[in-house]
Amino acid sequence: MKKYYAREALLPQGWAQDVCIEVDARGSIASVKSGKSGEKLKGPVVPGMANLHSHAFQRAMAGL
């Protein structure tokens, strides 16, 4: 299991300091807890954003 250290991370409870993120062999986050162990990440850590964009406007424009 890989461990990463984030000096600052945005969690559901808000901003947290000194966070250890454990990632399993599949690349999924296994745990997020307080701690300073693991590979140090640069800058603050925020959750990944889902790709929710749509091309529906192109369909609407095609009818013009």
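These legends go with several close-up views of one predicted model.

A few notes before we start: residues are numbered from 1 along each chain as its sequence is written, and side-chain values use heavy atoms, with hydrogens and water left out. Since this is a predicted model, local features need pLDDT of at least 70 and side-chain atom pairs count only at pLDDT 80 or more, while totals for chains, interfaces and linings use all residues.

**View 1. Four strands make an open sheet.**
Let's begin with the sheet, whose strands come in the order 3-2-1-4 with mixed pairing. At its edges you will find strand 3 (29-34) and strand 4 (39-40), each pairing on one side only. Strands here are DSSP runs of E with at least two residues, and helices are runs of H or I with at least four residues, numbered from the N terminus. Two strands pair if DSSP finds at least two bridges between them. As a general reminder, strands of a sheet pair through backbone hydrogen bonds, either parallel or antiparallel.

**View 2. Strand 1 meets strand 2 in a hairpin.**
Look for strand 1 at residues 2-11 and strand 2 at residues 14-23. The two run antiparallel and are joined by nine bridges. Between them sit two residues of the hairpin. To find one of the bridges, start at Leu11, whose partner in strand 2 is Gly14.

**View 3. Strand 1 also pairs with strand 4.**
Here the sense is parallel, and the pairing rests on two bridges. Try locating Tyr4, which has Glu39 in strand 4 as its bridge partner.

**View 4. Strand 2 and strand 3 form another antiparallel pair.**
Five bridges hold this pairing. Within this view, Cys20 stands opposite Lys33 of strand 3. The hairpin of these strands has five residues between them, and in it Gly27 takes a positive phi near 95°.

**View 5. Lys3, Glu22 and Lys33 are linked in a network of salt bridges.**
A salt bridge is a side-chain nitrogen of Lys or Arg within 4 Å of a carboxyl oxygen of Asp or Glu, and the structure holds four of them. Lys3 and Glu22 form one, with their closest N and O atoms 3.7 Å apart. This pair links distant parts of the chain, since Lys3 is in strand 1 and Glu22 in strand 2, 19 residues apart. Glu22 also forms a salt bridge with Lys33, where the closest N and O atoms are 3.4 Å apart. Lys33 belongs to strand 3 and Glu22 to strand 2, so this pair ties together parts that are eleven residues apart in sequence. How covered are these side chains? Buried means under 20% relative accessible area, exposed means over 50%, and partly exposed lies in between (1.4 Å probe, protein chains only). Glu22 is buried at 11%, whereas Lys3 is partly exposed at 37% and Lys33 is partly exposed at 41%.

**View 6. Lys36 and Asp18 meet in a salt bridge.**
The N to O distance for these side chains is 4.0 Å. Lys36 sits in the loop between strand 3 and strand 4, and Asp18 in strand 2, so the pair ties together parts that are 18 residues apart in sequence. Lys36 counts as exposed, with 62% relative accessibility, while Asp18 counts as partly exposed, with 23%. Take a second look at the backbone of Asp18: its phi is near 55°, a positive value in a residue other than glycine.

**View 7. Leu10, Trp15 and Val46 make a nonpolar surface patch.**
The patch covers about 300 Å². Patches are made of residues with over 30% relative accessible area and no salt bridge; like charges are joined within 9 Å, and nonpolar side chains (Val, Leu, Ile, Met, Phe, Trp, Tyr) within 5 Å. Accessible areas come from the Shrake-Rupley method with a 1.4 Å probe, and for residues only the protein chains shown count as cover. Leu10 lies in strand 1 and is partly exposed, with a relative accessible area of 32%.
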